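Here is a friendly walk through a sheet and the helices around it. Have the sequence and the 3D view open as you read.

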Amino acid sequence: MRRLLLPLALAACAPGLPPAIGEPLPAQAVPPALDAIGALAKISGAARLLALGQPGPGSHEQPLLVHRLFKYLSERSGFTGLALTADATAVTHLDAYVQGAAVDLDAALLALQDRDLATAELRELLTWARERNQAGQTPPLRVFGLDPRDPDAAALLVLEYLERVDPQYVPKARSLLSGEQQLGAEAVLTHLDQGRDVMVAASAAKAWAAARQQAELVAQARRMTESWEFEAGEFARARNAEWALGQLGPRGKLLVWADNLEVAAEVPGAAPVMGDFLRQWLGGDYRAVAVSFAAGSV
């Protein structure tokens with residue numbers, strides 16, 4: 001059975017969390033051996049983005065598989081980024097923790113409002129990544145989120161950045177970001193792009209890129225509100241995965257953990273999923289692996 005972090009705290013948050021819909025594996029089920037991990041790693045080949053699917057939430061073995069595979073890939077194949085299908089703004093706290101910031105990891109996991117991520121298994125993975133970074137191994141490991149779920153929280157991060165580098169624009173930016181229309185967020189994106197050189201000089205390229213991505217999340221959320229199209233969310237996740245890969249540098253590699261359907265490289269029908277877009281954009285640099293459980297095995 002999956003072990004949840006802080007059961008009492010999770011119970012208190014239960015009304016806001018999605019129910020677990022997956023059936024737990026038998027207690028005697030064991031995670032894949034290292035030779036199986038090696039076989040999975042070989043599938044990635046020279047690809048820079050490997051997407052690992054899952055058949056559904058609720059298992060103890062799936063996050064163990066992610067942990068072992070990410071550790072293996074980071075030590076042997078140059079993978080330095082992990083992307084989760086969680087609110088991209090909330091995941092910035094997990095990324096800060098992994099990079100050594102004084103972050104309450106349990107609180108940050110609970111803030112994801114996803115009981116399938118607020119687990120002891122993911123906590124162990126993130127703790128290992130932090131320890132690896134603190135040991136001085138380079139390049140550092142990073143964690144990213146793929147979903148634009150909280151545009152208000154994303155807007156606050158954009159405004160905090162603008163307070164430092166362009167305080168005169170803050171009132172206008174606040175008005176544009178607080179609206180429900182996509183055009184307002186896109187106007188802020190245009191301002192950030194046009195003022196990039198000055199803002200980078202006043203802060204850093206990494207800080208500017210992070211703020212711009214938060215503004216992009218606001219625009220994505222507004223776009224999804226205005227559109228009823230299924231692919232709007234899938235397109236946003238694909239864009240965010242591509243952005244995360246870019247943050248790892250020209251030789252960086254990213255492991256994406258999502259649903260089997262979302263990572264599929266080709267889905268029949270007129271509505272593309274995240275994997276469809278990534279396959280179109282990245283070609284051979286994108287590989288997807290579906291995972292299923294049967295008879296206590298992965």
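The report below starts with the sheet and then turns to helix packing.

## The sheet

Please keep in mind that this is a predicted model. Its open sheet is built from 5 strands, arranged in the order S3-S2-S4-S1-S5 with parallel pairing. Strand S3 (142-147) and strand S5 (286-289) sit at the edges, and each of them pairs on one side only. On average, neighbouring strands of this sheet are turned by 25° against each other, direction ignored.

## One edge, up close

Let's look at the S3 edge. Strand S2 (residues 79-87) runs parallel to S3, and 5 bridges join the two. To find one of these pairings in your viewer, select Gly 81, whose bridge partner in S3 is Arg 142.

A helix covers this pair of strands: H4 (residues 91-98) lies across S2 and S3. The direction of H4 is at about 175° to that of S3.

## Two helices crossing

Now for a helix pair. Helix H7 (residues 151-165) and helix H11 (residues 205-226) have axes that come within 8 Å and cross at roughly 145°. The crossing of H7 and H11 is left-handed.

Which residues make this contact? From H7, the participants include Pro 151, Ala 154, Ala 155, Leu 157, Val 158 and Tyr 161, together with Asp 152 and Arg 164. On the H11 side, they meet residues including Trp 208, Gln 214, Leu 217, Val 218 and Arg 222. Sorted by class, the contact of H7 with H11 has 13 nonpolar, 1 polar and 3 charged residues.

How values were computed: Residues numbered from 1 in each chain as written. Predicted model: local features only at pLDDT ≥ 70, side-chain atom pairs only at ≥ 80, totals over all residues. Heavy atoms only, no water. Axes fitted to C-alpha atoms, helices over the stretch in contact; angles between N-to-C directions. Helix = DSSP H or I, 4+ residues; strand = E, 2+ residues; numbered from the N terminus. Left-handed = near helix turned anticlockwise from the far one by under 90°. Contact = heavy atoms within 4.5 Å. Nonpolar A, V, L, I, M, F, W, Y, C, P; charged D, E, K, R; others polar. Pairing = 2+ DSSP bridges.
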